[in-house]
Each structure stands twice: as C-alpha cells, then as structure tokens.
Amino acid sequence: EYYNISPPRDKRSIDSPGQRPVLRRIDWALSFDLGDRKGFLGEGILTDHVFVRWTGVLRAPSDGRYRFLLRSNDGARLTIDGALVIDNEESPVTREGAGEAVLKAGDHEFRLEYVERGGDLVMICQWEPPGGKMEVLSVPALFHRVETK
C-alpha cells in the first residue's frame with residue numbers, strides 16, 4: 001500500500017482514521033535504490049512524502065535463526081509475526097539496520113513499513129536463511145495468500 005503523506009505528517013502517523021492508499025500493488029522484490037531522480041511509479045511519481053506498507057507472508061524454508069538487513073532513507077521498520085526485528089529510525093542519510101529472528105519452518109506474518117520524506121529514495125530489505133546467503137527478499141519467499149470462496 002502506497003500513501004501520499006503530503007503535506008508531511010508526524011513521524012509514522014499514517015494509521016490515522018480516513019487515510020487511504022493512493023495505490024495498492026504487489027512488488028516482486030523489496031529493493032528500491034532510486035536516488036532522487038525517480039519515484040516508485042516512474043519519473044517524479046510518488047518520490048517524496050510517501051509512506052509504504054508491505055504486508056504478506058514470509059515462508060521460512062527451515063527452522064533456525066534468520067538474519068535481516070534493512071537499508072533505508074528515511075525510515076523503515078520490519079516486523080515478523082508482530083515482533084519488531086529492525087527499526088531504522090528516520091534519518092536524512094541512508095542507514096543500515098540488522099536484526100535476527102528465530103523462525104520455525106513455514107509461514108509467518110510479514111510487515112515492512114517505509115517512510116520517504118525527501119532526497120534519496122532507498123529501501124532494500126535482505127534476508128539470510130540458515131545456511132544460506134544474504135539476498136534481497138522477494139518472491140517466492142514473500143507472497144500473499146489467495147482467498148477462495
């Protein structure tokens with residue numbers, strides 16, 4: 001979910017009643033390093049004063065300790081199964097935060113929030129499964145459940 005938060009609101013106050021996303025889409029990989037030239041949707045579209053919330057399911061292939069890295073400008077926060085894993089406080093410079101989560105094999109609730117106030121647009125989320133290598137978090141490890149009726 002992509003939100004336009006212009007004029008800028010208080011830090012991470014996007015959950016105020018009545019706020020609606022300007023766009024909902026599925027991103028195949030959580031890697032955006034667009035500098036100050038582009039936006040999430042192309043040249044100049046959703047570049048500054050944007051809040052993005054990615055939600056879905058993270059599938060852990062095995063039991064163990066998983067490492068996560070978040071590289072962001074301005075701020076980002078990662079939670080898994082409702083537990084905070086990384087909180088990159090808002091900063092005008094790109095920063096990298098690391099965290100770990102012990103996960104059982106199977107599906108876990110995933111939530112990543114990102115706020116872009118201005119300047120460079122950087123948000124990269126990586127993970128390292130047990131015995132694996134650090135890589136951008138993407139499909140098929142991250143997905144949405146399909147509701148059937």
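**Exercise 1. Describe the largest pocket of this predicted model, beginning with its volume and going on to the residues and elements that line it.**

Solution. The largest pocket has a volume of about 300 Å³, a value that belongs to a predicted model. As a next step, turn to the lining, which is made up of 16 residues, and look for those closest to the centre of the pocket: these are Arg25, Ile26, Asp27, Thr55 and His144. Then ask which elements give two or more residues to this lining, and you will find β3 (50-60) and β11 (142-143). Of the lining residues, four come from β3, and this strand gives the most. Finally, sort the lining of the largest pocket by class, which yields eight nonpolar, three polar and five charged residues.

**Exercise 2. Decide how the rings of tyrosine 66 and tryptophan 127 are arranged, and say where the two residues lie.**

Solution. A pair of aromatic rings is described by the distance of the centres and the angle of the planes. For tyrosine 66 and tryptophan 127 the centres are 5.6 Å apart and the planes stand at 20 degrees, so the pair is stacked, given that planes under 30 degrees apart count as stacked. The pair links distant parts of the chain, since tyrosine 66 belongs to strand β4 (residues 64-73) and tryptophan 127 to strand β9 (residues 121-128), with their positions 61 residues apart. As a last step, consider accessibility: tyrosine 66 and tryptophan 127 are both buried.

**Exercise 3. State how many aromatic pairs the structure holds, and name the residues of an aromatic cluster.**

Solution. The count of aromatic pairs in the structure is five. Tyr2, Phe32 and Trp54 together form one aromatic cluster.

Key: Residues are numbered from 1 along each chain as its sequence is written. This is a predicted model: local features need pLDDT of at least 70, side-chain atom pairs count only at pLDDT 80 or more; totals for chains, interfaces and linings use all residues. Side-chain values use heavy atoms; hydrogens and water are left out. Rings of Phe, Tyr and Trp (its six-membered ring) pair if their centres lie within 6.5 Å; planes under 30 degrees apart count as stacked, over 60 as edge-to-face and the rest as tilted. Buried means under 20% relative accessible area, exposed over 50%, partly exposed in between (1.4 Å probe, protein chains only). On a 1 Å grid over the protein atoms alone, a cavity is a set of points where a 1.4 Å probe fits but cannot get out, and a pocket is an open set with protein on both sides within 12 Å along at least five of seven lines; lining residues have an atom within 4 Å of a point. Grid points are joined across faces, edges and corners, and a volume is the space filled by probe spheres set on the points. Ala, Val, Leu, Ile, Met, Phe, Trp, Tyr, Cys and Pro count as nonpolar, Asp, Glu, Lys and Arg as charged, and the others, Gly among them, as polar.
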